[in-house]
Amino acid sequence: MARVSLTPPRTLFFRVMEWYSRRTYGKVLDPGKALAHNPRVLWGDLRFEQSVAKWNKLDSDLKALAVMASAASIGCSWCMDFGYWENAERGMDRRKLHDVPVWRESDVYTPLERDVMEYAEAVTATPPTVGDELAERLRSRLGEPAFVELTAMVAVENLRSRINSALGLTSQGFKDSCDLGDARRTSV
């Protein structure tokens, strides 16, 4: 249960955010509702997310796996739900999205993808537990610009997941709206 009301004051700013959210995602995102209690926090978050969306040095699938591995480490069900939906919608392999919480036991990932998820978990740990060997493997495979973006994306997801988890936000049913076919019958 959310630790803050999801019915913030219906200011003009909130109504515009609500309209945009419905138009873009089909529903109003709970993090937006929660942050709307402090319009400056919401405004800062929206501007920050617009900037993050323009980062383009890291492959989209690797970015998604890093973000979801971080969210899984923190235990943010809202982030896992939305991340699955967002990346399935853009065509990412749903088996990879589904298996993120158990990536070590799954056979669907490449060695590079495994390194990215291991790195995301290491950056997410408190304190971070990033090893030099793993960092060097990733830096040499991805290049420095993408490696920096990977690190920043994991830090961004830590911010998102920790805010959402601390505010008690949980799955909003995005994953359920995906066309899962046989995957729905065999898991989750």
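**Exercise 1.** Leaving aside its neighbours within four places in sequence, which residues is P8 in contact with?

*Solution.* Before starting, note that this is a predicted model, in which local features need pLDDT of at least 70, side-chain atom pairs count only at pLDDT 80 or more, and totals for chains, interfaces and linings use all residues. Residues are numbered from 1 along each chain as its sequence is written, and side-chain values use heavy atoms, with hydrogens and water left out.

Step one is to find P8, which sits in the segment before α1; helices here are DSSP runs (H or I, at least four residues; strands are E runs of at least two), numbered from the N terminus. Step two is to list its contacts, where contact means heavy atoms within 4.5 Å: with neighbours within four places in sequence left aside, P8 is in contact with F14, K33, A36 and H37. Step three adds a distance, for the C-alpha atoms of P8 and A34 are separated by 7.1 Å although these residues are 26 residues apart along the chain. Finally, P8 counts as buried because its relative accessibility is 6%, where buried means under 20% relative accessible area, exposed over 50%, and partly exposed in between (1.4 Å probe, protein chains only).

**Exercise 2.** Is F13 buried or partly exposed, and which residues does F13 touch, not counting residues up to four places away in sequence?

*Solution.* Begin with its place, which is helix α1, covering residues 12-25. The relative accessibility of F13 is 24%, so F13 counts as partly exposed. Beyond the residues up to four places away in sequence, F13 touches P39, L42, W43 and L46. For L42 the separation can be stated in two ways, since F13 and L42 are 29 residues apart in sequence and 9.6 Å apart in space, C-alpha to C-alpha.

**Exercise 3.** Describe the surroundings of D30.

*Solution.* D30 belongs to helix α2, residues 30-35. With a relative accessible area of 11%, D30 is buried. Once neighbours within four places in sequence are set aside, the contacts of D30 are L6, W78, L169 and Q172.

**Exercise 4.** How many residues has the largest nonpolar core, and which elements give two or more residues to this core?

*Solution.* First fix the term: a nonpolar core is a set of buried Ala, Val, Leu, Ile, Met, Phe, Trp, Tyr and Cys residues joined through side-chain atoms within 4.5 Å. The largest one has 38 residues, and V100, L138, L142 and L150 have the most contacts inside it. The elements giving two or more residues to this core are α4 (60-74), α5 (77-89), α7 (111-124), α8 (132-142) and α9 (144-166). Another core, of six residues, lies apart from it, and its members include F14, M17, V28 and L35.

Next, follow individual residues. L142 touches L58, L62, L112, F147 and L150, with residues up to four places away in sequence not counted. L112, in helix α7, is buried at a relative accessible area of 14%, and its contacts outside the neighbours within four places in sequence are L62, L138, R141 and L142. The C-alpha atoms of L112 and L62 are separated by 8.5 Å, while the two residues are 50 residues apart along the chain.

**Exercise 5.** How do the axes of α4 and α9 cross, and which residues meet there?

*Solution.* Two packed helices are described by the angle between their axes and the distance between the axes. Axes are lines fitted to C-alpha atoms, for helices over the stretch in contact, with angles from 0 to 180 degrees between N-to-C directions. The axes of α4 and α9 come within 9 Å and cross at roughly 35°. On the α4 side the residues are K63, A66, V67, S70, A71 and I74, and they meet E149, L150, M153, V154, E157, N158, R160, S161, R162 and S165 in α9.

**Exercise 6.** Where is P127, and which residue is joined to P127 by a cis peptide bond?

*Solution.* P127 is placed in the loop between α7 and α8. The cis peptide bond joins T126 and P127, with omega about -5°.
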